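User: I am new to this structure and would like to go through some of its charged side chains with you. Could we take them in turn, with the reasoning spelled out?

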Amino acid sequence: ARYKRNIGKSTFFLTGLDEHGQKVQEAAEKNNIFPQDHCDKMAPRFISLWKKLRISNDDFIRTTQVRHAKVVQEILKIVMEKGDIYEDEYEGLYSVSEERFITEKESESGNFRDIKKLKEKNYFFKMSKYQNDLINHIEKNPMFIQPEHRKNEILGFLRKPLNDLCISRPKERLNWGIELPFDKEYVTYVWFDALINYLTIGYNIKSRKPGKWWPASYHLIGKDILTTHAVYWPTILLSAGIELPYSIFAHGWWLKGDSKMSKSVGNIVDPMDLLDDYGVDPVRYYLMREMVLGHDSNFTEESFIKRYNSDLANDFGNLFSRVTSLIKNNYDGIIPQSGTLEKLDLKIKKEGELLPNIVNNMIDNMRLNEAIETIMQYIRMINKYMEETAPWKLVKEDKKAAARVLYSSCEGLRVSAILLSPVMPHRTEIMLNILNSEDKNLSWGQLSAGKKLKEHQPLFPRIK
């Protein structure tokens with residue numbers, strides 16, 4: 001979202017909490033409070049953490065909000081009017097942990113907890129009616145489910161018989177949910193409720209039309225909730241006559257010692273400790289650089305420190321300090337004129353001009369780690385350029401030639417800082433402020449010669 005804003009694209013970043021369902025009701029009962037009070041207690045903790053993490057969300061939706069409940073009930077009415085909801089009695093296995101009915105095969109897999117046998121009357125959504133339409137959509141739109149191996153996983157799932165979806169819970173068993181508009185004895189199944197949050201912003205109930213931000217460009221989700229997003233959600237939209245999102249992208253898990261982090265196992269890394277010790281930007285940099293989005297990645301503090309020292313302290317931070325120190329010591333801290341560029345300078349300029357488009361292509365294809373590494377390769381190129389031209393020696397013989405090298409290096413760092421600003425907004429803002437660069441213009445030559453550098457401490461002190 002930050003990247004898109006930087007390049008002038010209209011962007012809306014939504015996050016939030018789904019707050020209904022059996023697990024929430026049980027947690028509230030355990031603490032002897034009402035479910036709404038439980039949710040009201042939890043939500044501010046997430047909101048304050050998002051602020052601490054400098055998450056740039058435009059809205060934070062809670063599914064207990066009236067604005068959301070109204071839209072859920074309207075979509076239910078539309079799907080009911082379409083003839084895609086019916087009442088039936090169902091007997092089967094129910095997973096409390098997943099809050100859905102499961103098959104015998106699923107129960108034997110060991111992936112589901114708190115399994116109960118239930119027999120009750122409920123409302124069902126004719127999900128199977130849209131099975132072939134969904135398969136066709138996936139095959140015609142290769143970016144709809146990403147990455148590729150997740151798309152294949154869903155297609156494999158859809159090539160087997162698809163059951164209809166139970167979309168209600170009787171109030172006598174579960175009353176914490178949005179009431180069905182056509183039967184006051186039932187509440188809406190938590191996933192039918194939660195998924196509609198993507199539509200809530202700007203949805204016009206009178207015209208029954210989505211708002212200006214629909215269809216969404218990306219739903220970025222955990223791989224463990226892919227089926228609900230890639231099967232349940234699009235079939236609901238197809239029934240409601242609403243356009244499908246551009247892409248559903250399932251990211252992986254951070255592992256510790258090659259196994260999923262778990263409170264019960266005790267192999268958790270507390271992100272708050274990392275933030276307190278190293279700062280928000282370095283932690284975000286590591287997470288974005290190390291994970292190939294769509295795959296699992298293994299976290300160790302040793303690998304974090306190694307990556308930080310190598311990329312940020314040595315390559316980026318040390319280069320910035322060297323360049324600014326040379327300008328302060330030899331040009332009274334004033335950014336020198338570039339003059340007429342020569343062969344090595346022109347190479348830095350050319351690569352700096354090509355870099356934004358290369359990075360843009362990678363980010364558009366959700367190859368975030370590659371985009372970051374490409375920027376770092378350019379920064380290493382500037383380091384090599386500094387070694388080859390040795391401006392600390394050159395300044396004693398030819399001050400204009402050294403000025404050319406230092407201006408080119410500074411301008412390359414400016415472009416790199418802007419491109420890295422979505423990942424490290426705070427540290428790069430400081431860097432750009434030191435350079436007196438106020439906008440996000442990526443065109444080469446925007447650095448203003450004649451302006452005085454601002455004083456600064458090391459931006460990425462080495463971790464020992």
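User: Which side chain meets Arg404 in a salt bridge?

Analyst: This is a predicted model, and what follows is computed from its atoms. A nitrogen of Arg404 and an oxygen of its partner are 3.5 Å apart, which is inside the 4 Å limit for a salt bridge. The side chain that meets Arg404 is that of Glu342.

User: How many residues apart in sequence are the parts that Arg404 and Glu342 tie together?

Analyst: Arg404 belongs to helix H17, residues 399-420, while Glu342 sits in the loop between H13 and helix H14. Because these places are well separated along the chain, the pair ties together parts whose distance in sequence is 62 residues.

User: Is Arg404 buried or exposed?

Analyst: Its partner Glu342, at 47% relative accessibility, counts as partly exposed. For Arg404 the relative accessible area is 12%, and since buried means under 20%, Arg404 is buried.

User: Which residue forms a salt bridge with Glu19, and where does that residue lie?

Analyst: The closest N and O atoms of this pair are 2.9 Å apart. Glu19 is in the loop between strand S1 and helix H2, and its partner is 43 residues away. Glu19 is buried, with a relative accessible area of 3%, and the partner, at 15% relative accessibility, counts as buried too. The residue is Arg62, in strand S2.

User: What is the distance between the closest N and O atoms of Glu120 and Arg173?

Analyst: Glu120 lies in strand S5 and Arg173 in the loop between strand S8 and strand S9, so that the pair links distant parts of the chain, 53 residues apart. Glu120 counts as buried at 11% relative accessibility, whereas Arg173, at 22%, counts as partly exposed. Their closest N and O atoms are separated by 2.7 Å.

User: How many salt bridges does the count come to?

Analyst: Besides the pairs above, Arg289, Glu290, Arg307, Asp311, Asp315, Glu373 and Arg380 are linked in a network of salt bridges. Over the model, the count of salt bridges comes to 31.

User: Which elements give two or more residues to the patch of negative charge on the surface?

Analyst: The patch gathers Asp270, Asp273, Asp277, Glu301 and Glu302. Asp270 is found in the loop between strand S14 and H11, and is partly exposed, with a relative accessible area of 34%. The elements that give two or more residues are helix H11 and helix H13.

Key:
Residues are numbered from 1 along each chain as its sequence is written. This is a predicted model: local features need pLDDT of at least 70, side-chain atom pairs count only at pLDDT 80 or more; totals for chains, interfaces and linings use all residues. Side-chain values use heavy atoms; hydrogens and water are left out. Patches are made of residues with over 30% relative accessible area and no salt bridge: like charges are joined within 9 Å, nonpolar side chains (Val, Leu, Ile, Met, Phe, Trp, Tyr) within 5 Å. Accessible areas come from the Shrake-Rupley method with a 1.4 Å probe; for residues, only the protein chains shown count as cover. Lys and Arg count as positive and Asp and Glu as negative; His and the chain ends are not counted. The place of a charge is taken as NZ of Lys, CZ of Arg, CG of Asp or CD of Glu. Helices (H or I, at least four residues) and strands (E, at least two) are DSSP runs, numbered from the N terminus. Buried means under 20% relative accessible area, exposed over 50%, partly exposed in between (1.4 Å probe, protein chains only).
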